[in-house]
Amino acid sequence: MPEGPETHALADRLSQLLVDETLTRVRFVDPVLQRRRRLLEGHRVLAVEARGKALLTAVEDGWTLYTHSHLFGFWRFVDAPEALPDETRPRVLLVTVRGVAALYAAPSVSLWRTDALGDQPYLAKLGPDVLDPAVDAKALLAHMRDPRFGKRTLAALLLAQDFAAGMGNYLRSEVLFQARLSPHRILQDLTVGERRRLANALLDVPRRA
């Protein structure tokens with residue numbers, strides 16, 4: 001599954017293609033979403049943002065496309081729709097004058113009012129995003145004091161998106177190595193210094209990745 005760094009890199013790539021451009025064509029393989037395509041089609045893209053492992057593509061008039069690739073989803077970028085392979089239809093097709101972005105195999109695709117994104121189930125449960133520039137070590141240390149996390153092992157905790165959004169398997173391994181902490185340690189048993197090392201590694205490793 002793409003982790004935070006890969007998702008943020010995709011957001012950057014999609015931004016180059018879509019932001020400040022009008023979506024000249026939008027297509028969904030889901031028939032319900034296809035009937036709602038005009039909520040996006042013909043509208044200018046305002047932003048593409050990564051949150052955790054999800055992508056949010058916001059357009060004028062207050063709508064946002066939510067996508068999550070999970071394990072098997074992937075994007076293709078081509079100059080024109082005709083350049084896409086014929087054997088499989090993409091779950092989402094977004095076309096501007098700059099080119100085409102096509103999302104394949106992703107199980108989570110939905111349209112949301114931008115001002116109601118807080119109700120989206122995945123987003124509503126996210127903890128601090130380790131790649132959000134506004135998140136610092138102080139915020140993570142405060143978040144560690146939440147009683148929900150105290151009795152959990154670091155191995156489990158560093159995959160929990162409500163603890164640190166954007167984390168995943170390879171990041172977990174690198175963060176624990178840099179922080180010099182065993183995956184079997186329990187959060188509530190860490191010393192102040194160990195928590196500080198963990199918070200710093202949670203920021204440093206994903207941002208370098």
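1. How many bridges join strand β5 to β7? In this predicted model, strand β5, which covers residues 74-78, is joined to β7 by 5 bridges, and the two strands run antiparallel. One pair can be picked out by name, since the bridge partner of Arg76 in β7 is Ala102.

2. Strand β7 has a second partner in β6, made of residues 92-96, and here too 5 bridges join the strands, which run antiparallel. Two pairs of residues help to find this on the structure: Val92 stands opposite Leu103 in β7, and the bridge partner of Thr96 in β7 is Gly99. The connection between β6 and β7 is a hairpin, with 2 residues between the two strands.

3. These pairings belong to an open sheet of 4 strands, which are arranged in the order β1-β6-β7-β5 with antiparallel pairing. The edges are taken by β1 (25-28) and β5, and each of them has a single partner strand, so one side of each is left without a neighbour in the sheet. On average, and with direction ignored, neighbouring strands of this sheet are turned by 10° against each other.

4. Is strand β7 largely enclosed or largely open? The strand consists of residues 99-104, and 6 of its 6 residues are buried, so β7 is largely enclosed by the rest of the structure. To follow this residue by residue, note that Gly99, Ala101 and Leu103 point one way from the strand, while Val100, Ala102 and Tyr104 point the other way, and all of them are buried.

5. A further set of 4 strands forms an open sheet in the order β2-β3-β4-β8, and the pairing in it is antiparallel. In this sheet β2 (45-51) and β8 stand at the edges with a single partner strand each, so one side of each is left without a neighbour in the sheet. The neighbouring strands are turned by 20° against each other on average, again with direction ignored. Within the sheet, β3 (residues 54-59) pairs with β4 over 6 bridges in the antiparallel sense, and Ala58 stands opposite Thr64 of β4.

6. The helix α1 deserves a careful look, as it has 15 residues and reaches 20 Å from its first C-alpha to its last, which is close to the 21 Å expected at 1.5 Å a residue. Several of its residues are buried, namely Gly4, Pro5, Thr7, Ala11, Leu14, Leu17 and Leu18.

7. Two residues are worth checking for their backbone angles. Most residues other than glycine have a negative phi. Asp20, whose place is in the loop between α1 and β1, has a phi near 70°, a positive value in a residue other than glycine. Ala105 likewise has a positive phi, near 65°, and its place is in the loop between β7 and β8 (108-113).

8. Is Trp75 buried or exposed? Trp75, which lies in strand β5, has a relative accessibility of 10% and counts as buried, because buried means under 20%. Ala105, by contrast, has a relative accessibility of 44% and counts as partly exposed, because that class lies between the 20% limit for buried and the 50% limit for exposed. Although Trp75 and Ala105 are 30 residues apart in sequence, their C-alpha atoms are 9.1 Å apart in space.

9. The last point concerns empty space inside the model. Rolling a probe the size of a water molecule over the atoms shows where such space is left. A search of the whole structure finds 1 cavity of 30 Å³ or more, and the largest cavity has a volume of about 60 Å³.

10. Which residues line the largest cavity? They are Met1, Pro2, Thr7, Leu10, Lys53, Leu55, Thr67, His68, Ser69 and His70. Sorted by class, this lining has 4 nonpolar, 5 polar and 1 charged residues, and α1 (4-18) and β4 (63-68) each supply at least two residues of it. Thr7 therefore appears twice in this note, because it is one of the buried residues of α1 and is also among the residues that line the largest cavity.

Key
Residues are numbered from 1 along each chain as its sequence is written. This is a predicted model: local features need pLDDT of at least 70, side-chain atom pairs count only at pLDDT 80 or more; totals for chains, interfaces and linings use all residues. Side-chain values use heavy atoms; hydrogens and water are left out. Buried means under 20% relative accessible area, exposed over 50%, partly exposed in between (1.4 Å probe, protein chains only). Two strands pair if DSSP finds at least two bridges between them. On a 1 Å grid over the protein atoms alone, a cavity is a set of points where a 1.4 Å probe fits but cannot get out, and a pocket is an open set with protein on both sides within 12 Å along at least five of seven lines; lining residues have an atom within 4 Å of a point. Grid points are joined across faces, edges and corners, and a volume is the space filled by probe spheres set on the points. Ala, Val, Leu, Ile, Met, Phe, Trp, Tyr, Cys and Pro count as nonpolar, Asp, Glu, Lys and Arg as charged, and the others, Gly among them, as polar. The expected span of a helix is 1.5 Å times one less than its number of residues. Axes are lines fitted to C-alpha atoms, for helices over the stretch in contact, and angles run from 0 to 180 degrees between N-to-C directions.
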